[in-house]
Amino acid sequence: MSTRTGKRTAVIGGGMAGSAAAKKLIASGREVVIYESADGLGGRARSWHRPEIEPNVGINLMYVSFYSLMTELISEYGLESELQKLSSNIYISDKGKAIALSPDSVFSPLTYKHVSLRDRLAFLSTTIKQVRNKSQIDFFDPIKSAPLDDGLSAAQWGYQQLGRRGFDFMLRPQVEGFWNFASEDVSAVHAKGLLAWMGGSGFYVFRNGMQIIAEKNAEGAELRLAHEVTDVQMAGTGLRVTAAREGGDPVTETFDELVLATPAPIAAKLTAALPPEVVGDDARRFMESQRYEPALSVSYLVDVGTLPSEAHIVAGGPGDQPLRNMITYPRKVRDEQGRLVDKLLVFAYPGRANTKRLLGLPQAEQFAAVAPWLKTLWSDFSGRAEPFQIAERPYGFPIPAPGRYRQAVQVMEQQGAPVVLAGDYFNSPTTEAALLSGFRAAEALTQTD
Ligand SMILES: Cc1cc2nc3c(=O)[nH]c(=O)nc-3n(C[C@H](O)[C@H](O)[C@H](O)COP(=O)(O)OP(=O)(O)OC[C@H]3O[C@@H](n4cnc5c(N)ncnc54)[C@H](O)[C@@H]3O)c2cc1C
């Protein structure tokens, strides 16, 4: 049973990390206020909804069966019936020619004829080594994986294990296909983690979007939605938080403690006025050094049969690509006579340079630029891509640069009242990692109660 501590805590950012922190802080007896600039919780894990399609949910994040914290939360909140299993139709595209993979077993790569037998065997033996070492290569917990973060990038390590084509068409698409960063920029730990954990995993989406986890976690907190925090200052021994509201006067409140659960560059700006006794030099350097790849999700409706359904089609090969990957989901759409027609909803994610170039442009230009690139991943596509929805995430994917896991541990170990940081930039760009960082941030505040 919780005891009241008399403490009032502000959580800035109602994504997966902030809401996880709120859950633990409420359980510790604190009064918690969540400030969220959007009009709902969930952050980058929040889906969009459109009434014209059934199911009406759009961008829909994947929960993978080895996410242990999320698995516990699903069970605690009785959300099992919300889960929909995805079939794992994964393709790697070689200049528009797509090769089907069957990643259900660690031995499947032996059947991948698009690379040499030598590379297939090397891939299998590298995978088996990582699977054996699974407990140390934790994909979400930097405390466990930091000792393996030896400064090598995923590309440097990958080319040591596999031939050039083997890496570029087997491992690189895995490292880069879920996220939009270059294997040259991310720690080898990231590639090792994928090999250790992905084989044989189940992929699911939440029927109405993953934000339900954030909403349940935040139950019991006071919500200040559509409140963008613009300033944080010391006020005696407390912290004064000022937030802007659309169409209203700014609000200012004072708290005993603060969890900053926004992307790192925003957290760095908001804490700029706080003294080094409150936000230490290591934490400040860490926040300021985080880099993100933005994400641009451009979705279209296409006729059934023009692309495979429930497929994740990823560009293979080195370097940046026009289109990094696309994901297709079946949907029903109402036609002019009001009848429901089967369609595919296609999410297309441009490569790094194209994402940066297109971000913020008028949507008509974004739709027109991306549609012709569908063929770069699936050359047989000859259907009409009907523009449907665009979602932009300027802070899409924090880059786990070589050495970042080690720095993250150093900062985590120093965290304590009255200000702590949380976010996926401590671990890996996944919702599970964001949850873990939120729980850890709350522990850092409650350890001295
Ligand atoms: C396109 C895309 C697809 C992804 N797919 C998957 C997937 O399939 N599976 C998976 O596990 N992960 C996926 N991820 C990663 C996952 O979404 C993130 O790792 C996770 O949601 C990050 O949570 P967070 O709480 O750290 O940050 P965020 O979700 O960014 O939360 C930060 C919150 O702070 C708020 N905020 C920012 N500034 C302010 C301010 N000044 N005042 C108040 N509030 C503020 C933001 O609105 C936001 O809600 C994907 C990410 C993207 C971009």
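A salt bridge here is a side-chain nitrogen of Lys or Arg within 4 Å of a carboxyl oxygen of Asp or Glu. One such pair is D141 with R440, whose closest N and O atoms sit 2.8 Å apart. This is a predicted model, where local features need pLDDT of at least 70 and side-chain atom pairs count only at pLDDT 80 or more, while totals for chains, interfaces and linings use all residues. Residues are numbered from 1 along each chain as its sequence is written, and side-chain values use heavy atoms, with hydrogens and water left out.

The protein chain is split into domain 1 (8-45 + 209-291 + 400-446), domain 2 (89-201) and domain 3 (292-398), with bounds that come from an automatic or database domain assignment. Taken over C-alpha atoms, the centres of domain 1 and domain 2 are 32 Å from each other.

How do these two parts meet? In domain 1, 19 residues are in contact (heavy atoms within 4.5 Å) with 19 residues of domain 2. Between them, domain 1 and domain 2 bury about 1,500 Å², with 66% of it on carbon and sulfur atoms; buried area is the accessible area (1.4 Å probe) that two parts lose on being put together, summed over both. On the side of domain 1, P402, Y405 and R406 lose the most area to domain 2, together 37% of what that side buries.

As for polar links, the rule finds 1 salt bridge across this interface. There are also 10 residue pairs in polar contact between domain 1 and domain 2, both residues at pLDDT 80 or more. A polar contact is a pair of N or O atoms within 3.5 Å; within protein, one must be able to donate a hydrogen and the other to accept it, and residues adjacent in sequence count only if both atoms are side-chain atoms. The elements giving two or more residues to the side of domain 1 that touches domain 2 are α14 (404-414) and α15 (431-446). Helices (H or I, at least four residues) and strands (E, at least two) are DSSP runs, numbered from the N terminus. The largest share of that side, 6 residues, comes from α14.

Elsewhere, S297 lies in strand β14 (residues 292-303). S297 counts as buried because its relative accessibility is 3%, the cut-offs being under 20% relative accessible area for buried, over 50% for exposed and partly exposed in between (1.4 Å probe, protein chains only).
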